[in-house]
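Hi,

Here is the structure I promised to pass on. Have a look at it first, then read my notes below.

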Amino acid sequence: MFDGIGFMELLLIGVLGLVVLGPERLPVAVRTISTWIRTMKKMANAVKDELEQELKIEQLHADLKKAEQQGLKELAPELQESVDKLKEAADSVHRPYQIDGDPAPTNKEPAVKDNNTDKDSRIKKSNQLDHSDG
C-alpha cells in the first residue's frame, strides 16, 4: 500500500502543481520544498549520529564498570579495548592543545605570552610613581 511513490504519482503531482501554481511560481516552490526536505534529512542524520554516539558512550561505561569489578586485571579483549579507548580519551583531554610532534606546554612557562600582563605591570609601576610623588 505505502511502498513508495511511482512515476505516475510524481507526474500527477507535477501537473497539479503546474495548474495550481503556474509556470512562474512552480520552480520556486520546488526549490523551497527540496530545501525543506534537505534540512529535515540533515536534522534526522544529526539526531541519529548523536544517538549512536550516546550508545557508544553508554557501552564504554558498562564495559568500564565490568573492568572495575574485575579489578582491571585479566580482562576480556572487548573490555580491554574499551578501557584503552577511555585512556586515550582521558589523555586527549589532558593535552587538548598539543600539536603532533610538539610537546605539551608545561605549567612552568605559559604556552602563549600575554602582553597584557606586561602592560598591567607597567601601569601599576606608573601609578605607584604618581602616588609617591604626591
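How much area does the protein expose, and which atoms supply 60% of it? About 12,600 Å² is exposed, and carbon and sulfur atoms supply that 60% (areas come from the Shrake-Rupley method with a 1.4 Å probe, and for residues only the protein chains shown count as cover).

A quick heads-up: this is a predicted model, where local features need pLDDT of at least 70, side-chain atom pairs count only at pLDDT 80 or more, and totals for chains, interfaces and linings use all residues. Residues are numbered from 1 along each chain as its sequence is written, and side-chain values use heavy atoms, leaving out hydrogens and water.

The protein has three helices and zero strands (DSSP runs numbered from the N terminus: H or I of at least four residues for helices, E of at least two for strands). Of its 134 residues, 7% count as buried, meaning under 20% relative accessible area, with exposed over 50% and partly exposed in between (1.4 Å probe, protein chains only).

Now for α1. Its end C-alpha atoms are only 60 Å apart, while a straight helix of 63 residues would span 93 Å (1.5 Å times one less than the number of residues). There is a bend of about 115 degrees at Gly-22, with Pro-23 following within four residues; the bend is the angle between axes fitted to the seven residues ending there and the seven starting there. Gly-22 is also buried, as are Gly-17, Leu-60, Asp-63 and Ala-67. Just after α1, Gly-71 has a positive phi of about 75 degrees.

Cheers
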